[in-house]
Every structure is written in C-alpha cells, then in structure tokens.
Amino acid sequence: MTKPLWESWAEIETSLMTADSLLACFDYDGTLTPIVSTPEEAIATPQVRGALRELGSLEGVVAVVVSGRPVKQLLELVPGEALWLIGHHGLCVRSPDGEESSMVDEETATKALEPLREIGQRVADASPGLRLEDKGSGLAMHTRNASRLAAKDAAELFCDEAQKLQGFSLFRGKEVYEVKPVGFDRGQAILALREKVAPEALVLYVGDDTPDEDAFRGLLDLPDSVTVKVGDGTIETAARYRVDDTHDAVDLLRRLRALRGKKG
Ligand SMILES: [Mg+2]
C-alpha cells in the first residue's frame, strides 16, 4: 500500500538522517525537472544541481542520478564529479571519477536495431511532432508533440516491429515507446552499485515513470528502503510512498541535503 510521503515524514526523516550510509537515487526527467516537450529543454535549475553536488560530497552519502538518457548526456545536465550516474535505464554506469562501465555490447546491439531504426525514422519523418531518439543500443519513439492520431499509429507500428526483435525489451513510458537490450534494469543496477560501494546503505529511490517501477520492485527486498513515486496518484505503483510532483521531489532532495549536512 502506497502512502503519502509527507504524512509519514517524521519517521522517514529519522531513518534517512541516522543511517550510517545512504544511497540516494533520483531519476532525472519528470523527477528533478518537469516534463517538457523536448528532452533538450529539461534543464535542472542551478539550485537542483547545487543540491546534488552538495549531497554527493557529504560523508556517508552516495548520490546517484538515474535516467534513460545516455551517461554522456547526463554529464551535461548534472554535476558528474559528485555523483554516480546510471544511464540508459541501468545499462551504463559512471563513477564520480569518470570510470564507465556498460552491461551491453554496444556495437552488436546498435546493429541489431538497424531494421527498427529504419522503420522508426520513416514513421517519424512522415508526421510532424514525432521524434525517434537514437541511443545507439536503444531507440525511443517520442509522441508528445504529435497529433493524437499520428501518435497512436506510430506507437502501434513501432511496438509491433519492436516486439519482433530478439534480446530486446519494449516498454511504454509517458508519451514514449522505448526499446533497450534485455539485461540490467534500474533496480538491478542500483542493487549492484550498492553491493559495490555501500553494501549496508539505506536506499532512497525517487522516480516518476514506468522504468522506475523496476527500481521500486527491485528494492522491495530491502525492507527499509524508501521508494517514492512522483506524480499521478491514479497509476498503480510498487513504490512505498508518493509525492505529488517535481516540486516535492526537489523539496525532498533539499531536505535530504540539509538532514545529512547536519549529521556531519
Ligand atoms: Mg522520469
């Protein structure tokens, strides 16, 4: 049963503050920045970037930004020197000192997507407002700015073709249909990172969309973990808590920095 975060805040605040070690994970789009019509417009405010930098620099805190974006793109949006970055929904990880690892053979996956890339691009070119995002080893069809009819047709076609591919999974997010190699999801990536850098850490995960559910579910095995779904209270979620919107998510980030700052 998912509860409103702020109603349980007193209790959560204590555990977030007192944990010896904290792994604090925030999704980027729709969590730290509002959803906008093109990904290029989703720029975190200087306050958010500052809060992330400070949080990541605190003793006893590992701060992580998680996204469907490639790690290289994330680096332009958040202060990578203070953060662990998990890109492409768990397939790529970058440490604060710049070491990168990938769970997929990029070249093979990129090649295997060639037929879908061609079809997707043709579909996107045919209607204004559709956009095919090429992540190399992944593809995403964005339909937010298209007419409803074009969005529906493009989604159907893209998903039908995507389902024919071996070794890839398809998921539907907010006005986006995305294909990525099977392997690591966000939950698995976070559990692996915890194992590697902070095996006893209390985990916080904040996210707003379908791929975040992999993290919410993956963290159910850690009974103390604090998982927070951002937005739409009508959508079913595996998260333990909910907040209304990105303002709440950013507020949570600020509170966390203050809480853990006091501790040191
Ligand atoms: Mg998101």
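## Strand β2 and its surroundings

In this predicted model, strand β2, which covers residues 22-27, has 6 of its 6 residues buried, so the strand is largely enclosed by the rest of the structure. The side chains of β2 are divided between two directions: L22, A24 and F26 point one way, while L23, C25 and D27 point the other way, and all of them are buried.

## The partners of β2

Which strands pair with β2? One partner is strand β3 (residues 61-66), which runs parallel to β2 and is joined to it by 6 bridges; within this pairing, L22 has V61 of β3 as its bridge partner. Between these two strands the chain passes through helix α2, made up of residues 46-57, and the resulting β-α-β crossover is right-handed.

Strand β11 (residues 202-207) also pairs with β2, again in the parallel sense, over 5 bridges. In this pairing, F26 of β2 is found opposite V206 of β11.

## Helices α7 and α8

Another contact in the model is the one between helix α7, residues 186-197, and helix α8, residues 210-218, whose axes lie 6 Å apart and form an angle of about 50 degrees. Because of that angle, α7 is described as oblique to α8.

Which residues of the two helices meet? From α7 the contact involves R186, G187, I190 and L191, and from α8 it involves P211, D212, D214, A215 and G218. Sorted by class, the residues in this contact of α7 with α8 are 4 nonpolar, 2 polar and 3 charged.

Terms used:
Residues numbered from 1 in each chain as written. Predicted model: local features only at pLDDT ≥ 70, side-chain atom pairs only at ≥ 80, totals over all residues. Heavy atoms only, no water. Axes fitted to C-alpha atoms, helices over the stretch in contact; angles between N-to-C directions. Helix = DSSP H or I, 4+ residues; strand = E, 2+ residues; numbered from the N terminus. Parallel < 35°, antiparallel > 145°, perpendicular 65-115°, else oblique. Contact = heavy atoms within 4.5 Å. Nonpolar A, V, L, I, M, F, W, Y, C, P; charged D, E, K, R; others polar. Buried < 20%, exposed > 50% of the residue type's maximum accessible area, 1.4 Å probe, protein only. Pairing = 2+ DSSP bridges. Right-handed = clockwise from strand over helix to strand, strands pointing away.
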